Amino acid sequence: MSSTAAPVAFIGADELSVELAASFLRSGARVRSFVPEAERSPSAALAELNGLLRCASPVEAARDAALVVVLSDAGGVDELFFGVEGIAKGEKKDVFLLDGYIFSGLSDELKQHIIIVASGRQDIAERARKFFHSSSAVTADGSASPLKVWEASFGVNIVDAASQQIYDASTLADQLVMESKAANRIGFIGLGAMGFGMASHLLKSGFCVVAYDVYKPTMARFADLGGSTKGSPEEVAKDVEILIIMVANESQADSVLFGNAGAVPVLSAGTSVILSSTVSPGFVIHLNRRLEAECRQIKLVDAPVSGGVKRAADGTLTIMASGTDEALHCTGSVLSVDIFVKDLGIVSSESSNSRIPVHVSTIAHQLFISGSASGWGRYDDAAVVKVYETLTGVKVEGKAPMLSKEDVLRSLPAEWTEDPIDNLVPIATQSSKKILVVLDDDPTGTQTVHDIEVLTEWPVEALVEQFLKLPTCFFILTNSRSMTADKAMLLVQTVCRNLEAAAKKVPGVSYTVVLRGDSTLRGHFPEEADAAVSVLGEMDAWIICPFFLQGGRYTINDVHYVADSDRLIPAGETEFAKDAAFGYKSSNLRQWVEEKTRGRVSENQVSTISITLLRKQGPTAVCEHLCSLEKGSVCIVNAASDRDMAVFASGMIQAELKGKRFLCRTAASFVSARIGIKPKPPICPNDLGLKRALTGGLIIVGSYVPKTTKQVDELRSQCGQSLRVIEGGITSSDIATKALEAKRAKVMGQALAGVPLWQLGPESRFPGVPYIVFPGNVGDNSALAKVVKSWASPSRSSTKELLNAEKGGYAVGAFNVYNLEGIEAVVAAAETEKSPAILQIHSSALKQGGVPLVACCIAAAEQSTVPISVHYDHGISKSDLLQALEVGFDSVMVDGSHLTLGENILYTKSISSLAHAKGLLVEAELGRLSGSEDGLTVEEYEARFTDVAQAEGFIDETSIDALAVCIGNVHGKYPPSGPNLRFDLLKDLRALTLKKGVSLVLHGASGLPHELIKECIDLGVRKFNVNTEVRNSYLESLRKPEKDLIQVMASAKEAMKAVVAEKLRLFGSSGKA
């Protein structure tokens, strides 16, 4: 930094400004600083600088300064420059401005440097440079943006780089193959395990391949396939267009290229060399230089490969190919593969040279070496797997790998475009009276349905009654998973006999049986299916479909997966496959059927409906496939989305209409798809008409899978203070049937995705009680706690929900409150009138009552039996509004009506974005009301009507949810002549806000005649603010003599309650809660 006579000022502080100030002090400059209260931490570091003068205000620090460095975010700049003691107040001379960005250098060249990128007029930039020594600059005209200056400074075109198309390896590979030059004669050196496969595949592909290997028997095998062999690398290299090197290491590669009888001296000009040996990057760079030194335009492609012997022979190896564009185009016909890189030997060697420990890689490399020493090295790169199998006794071969969920789902074909189920379900039900009967082996099978009945007993009479209703579906809770296989079979046979008997008593009715089982493949299969068939007769096919989206269960390429975060884990590798009663090993469903039937149904006998068939050929193809199956077949269904399920269900319905009969063993998703149920949002207590008073609940944990254990631990962590734990378990079925004596229930929906919620029938001990059945395989660790908290302490209604009164044609009253009596009066009136209401705190009231006043409102809203929200009224100060956003309000009013239109937009927009991020509704005012409210007075001459054109722009710019308008309404008392409202203006504003989806609000409802209120509601007003009349009733009650303070409070409460109740009736909201 250069010394200067005039001082340098720092306004604001951070770590970099401390370094910058220190450098000025070291250069002999006088330095002043001012740091706002919020930045006192960096200020401490500034204070330690010897010679620095601390100032009390920006104007004091900047006075007569040659350079002023201002550090501030956008929100604080105005105050620092133009506030009461802002920088501009003390400047009588010309002030020049540069917009700058200051940061520390990170690269080797720029370390220990502070970099300043600034934009502004060129002459001003040159003046600023004088303050910094060892500086360089790139200047441009005054219109140059900081981005352009940055690009010129660092020599990088940022915009072009950001606009570059994302590199796609597979697209590039396809392009190389399409544009590659034809090559017929290939030289191949190194016929090892993978090299032999590669060379033989090139032969099969029509190339003329000349090969060499030191191992003579391999050369003979290659000759038997029709290949040509030579006695040295030199002989192989003559007259070839491409030479492929596939030897073990760098030493061997160097030998075959440059050693005795090496290949390079005889290569023709323009030959391409593909180095598929695994070598270090340094070797490749050195080799390329040596080939360039030959001056024969020999091109090099570095192309290490991976994939094993089989993939080498199939031509499906994975390769990482690098070289010049010309080299890649000359070799593209050979290198038609994807991208990969391997070899832990190089990793270990390079890390050793750099003294970087890589323990896992080193250990894995030792396993590869062990595999090679055991004689498996020439067989396959998978030697390490054989070492692992030998050491552990665990067989790895044949196991499906874990996959990236995102990558797998993205790789699938696009879904079938139409939802085919909507029209077919009613047709199937009406034409054939076919009902889906779901035998549920535990109560969680209702995870995806709603408005469906569940029977917990199955006498013939009960089934006849159910059939007579002709539902699309009903469930029978068998709970057979808790039984032995023999008992489960007897139970299923009994249910099926009763179904047959009941169906005969209802003319024309038929049914399809679904054995709903666990989506992780646990349960009595094939025992229950055998039991059903023994009663119902042989089926055309058994359908196996364990797909369940909400639980993250996918079947892809016949393998069933369980999603764990962003991975897909083969079901056979999960904790569920280790179940003591229902364990299994196979993830491939065809193999799983063979495993579970103990070979009775072999893997090859199992038919498959693929995702490709579902997504490319649709329901008709499904129907044709099902109709083509031999009687008694087993068919598994692949699925990765609800649309896949709908397509299959539609095809199955078509097959049933043609007379085919199926027995289904499925998870929950099939049922909702088969009967055409559309999902709906999770059920909350308000949806069931439950009162908001807290009454507690009972949580019974019977599942023992690790997921449930983690969920219970999280529940205890979040709700431990309110939980009382009794150890011991019992299944949810026994609770429903034995403890609660429920014979039937109705599935209302889900408390959370995949978590069914029942209402118990009238015959149960507690009719109508909500019964939530939480499966042991659904949700993340916090899911159980989320459900418990939402039902133990239901959330209060939001202001947005309350203002959704459009269909009802009424308005909601917002009542200003100042103390506990006012709060209780509003809530009591709302509960009496069964009306929603808003507790409203004016900015001046918040200054007096503070957070405790807000807390009282929130507690009253949560305890209320009707919807109540809490609103912050007339936020004219940004700091007050920021506080309001943090203390629990449901909505805020941003009042910038005292500002110019442009200032109002900026002010409202800044708060609106913050409030919306927290889920709060935002109300704002355009126009300005005259009158007085809580110490704030607006004279009549200052009042402004709301302008419709301005309102449209205001709404678009600020994204507000509710607009308070001025149409002649006033705060406080109306003049003796009465109110004069502009209904023509209100009508136009209504048309605008309806189009924009914004609620209309009218302040100053106190004193408006009833007929004007009614007309305002008819013209779309959905929220009225009421203050004066309620407050006056409170003050009037205080004038009445009472003997005790309690009586004073009760009297005041009743006086206010009467006014509030009258307003609720007037607004039309009574009875709407």
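**Exercise 1. Confidence of the model**

Task: Over residues 337-343, where pLDDT (the predictor's confidence in each residue, from 0 to 100) stays under 50, determine how many contacts beyond four places in sequence the model has.

Solution. Step 1: A contact means heavy atoms within 4.5 Å. For residues 337-343 the model has 22 contacts beyond four places in sequence, while pLDDT stays under 50.

Step 2: Residues 726-730 form another stretch with pLDDT under 50, and there the model has six contacts beyond four places in sequence.

Step 3: Where pLDDT is low, the predicted coordinates should not be read in detail. For the protein chain, the mean pLDDT is 82, and 79% of the residues reach 70 or more.

Step 4: The conventions are as follows. This is a predicted model, in which local features need pLDDT of at least 70 and side-chain atom pairs count only at pLDDT 80 or more, whereas totals for chains, interfaces and linings use all residues. Residues are numbered from 1 along each chain as its sequence is written, and side-chain values use heavy atoms, with hydrogens and water left out.

**Exercise 2. The chain as a whole**

Task: State how many helices and strands the protein chain has, and what percentage of its 1073 residues is buried.

Solution. Step 1: Helices (H or I, at least four residues) and strands (E, at least two) are DSSP runs, numbered from the N terminus. The protein chain has 41 helices and 39 strands.

Step 2: Buried means under 20% relative accessible area, exposed over 50%, and partly exposed in between (1.4 Å probe, protein chains only). Of the 1073 residues, 49% are buried.

Step 3: Accessible areas come from the Shrake-Rupley method with a 1.4 Å probe; for residues, only the protein chains shown count as cover. The accessible surface of the protein chain is about 51,200 Å², and carbon and sulfur atoms contribute 53% of this surface.

Step 4: Among contacts in the protein chain with a separation of 6 or more, 68% are between residues 24 or more positions apart.

**Exercise 3. An open sheet**

Task: Give the strand order of the open sheet that contains β22, and identify which strands stand at its edges.

Solution. Step 1: Two strands pair if DSSP finds at least two bridges between them. The four strands have the order β15-β23-β22-β21, with antiparallel pairing.

Step 2: β15 (403-404) and β21 (553-556) each have a single partner strand and stand at the edges, so one side of each is left without a neighbour in the sheet.

Step 3: β22 (residues 559-564) and β23 (residues 567-570) pair over four bridges in the antiparallel sense. In this pair, A563 stands opposite L568 of β23.

**Exercise 4. Strand β37 and its partners**

Task: Determine which strands pair with β37 in the parallel sense, and which way its residues point.

Solution. Step 1: β34 (residues 921-926) pairs with β37 in the parallel sense over four bridges, and A924 stands opposite L963.

Step 2: β38 (residues 999-1002) also pairs with β37 in the parallel sense, over three bridges. Here the bridge partner of L963 is L1000.

Step 3: From β37 (residues 962-965), A962 and A964 point one way and L963 and V965 the other way; all are buried.

**Exercise 5. Cysteines**

Task: Establish how many disulfides the structure holds, and why C545 is not bonded to C664.

Solution. Step 1: A disulfide is a pair of cysteine sulfur atoms within 2.5 Å, and the structure holds zero.

Step 2: The sulfur of C545 is 8.6 Å from the closest cysteine sulfur, in C664, which is too far for a bond. C545 is buried, at 0% relative accessible area.

Step 3: C857 is in no disulfide, the nearest cysteine sulfur being that of C856, 7.0 Å away. C857 is likewise buried, with a relative accessible area of 0%.

**Exercise 6. Salt bridges**

Task: For the salt bridges D441 to R665 and R481 to D518, locate the partners and state whether they are buried or exposed.

Solution. Step 1: A salt bridge is a side-chain nitrogen of Lys or Arg within 4 Å of a carboxyl oxygen of Asp or Glu. The structure holds 37 salt bridges.

Step 2: D441 and R665 meet at 3.8 Å, N to O. D441 is in the loop between β16 (434-440) and β17 (452-455), and R665 is in β26 (residues 662-666), 224 residues apart. D441 is buried at 1% relative accessible area, as R665 is at 8%.

Step 3: In the salt bridge of R481 with D518, the closest N and O atoms are 3.9 Å apart. R481 lies in the loop between β18 and α22 (485-504) and D518 in the loop between β19 (510-516) and α23 (527-536), so the pair ties together parts 37 residues apart in sequence. R481 is buried at 16%, and D518 is buried at 8%.

Step 4: Through shared partners, salt bridges join D440, D441, D442, R481, R516, D518, R522, E528, D579 and R665 into one network.
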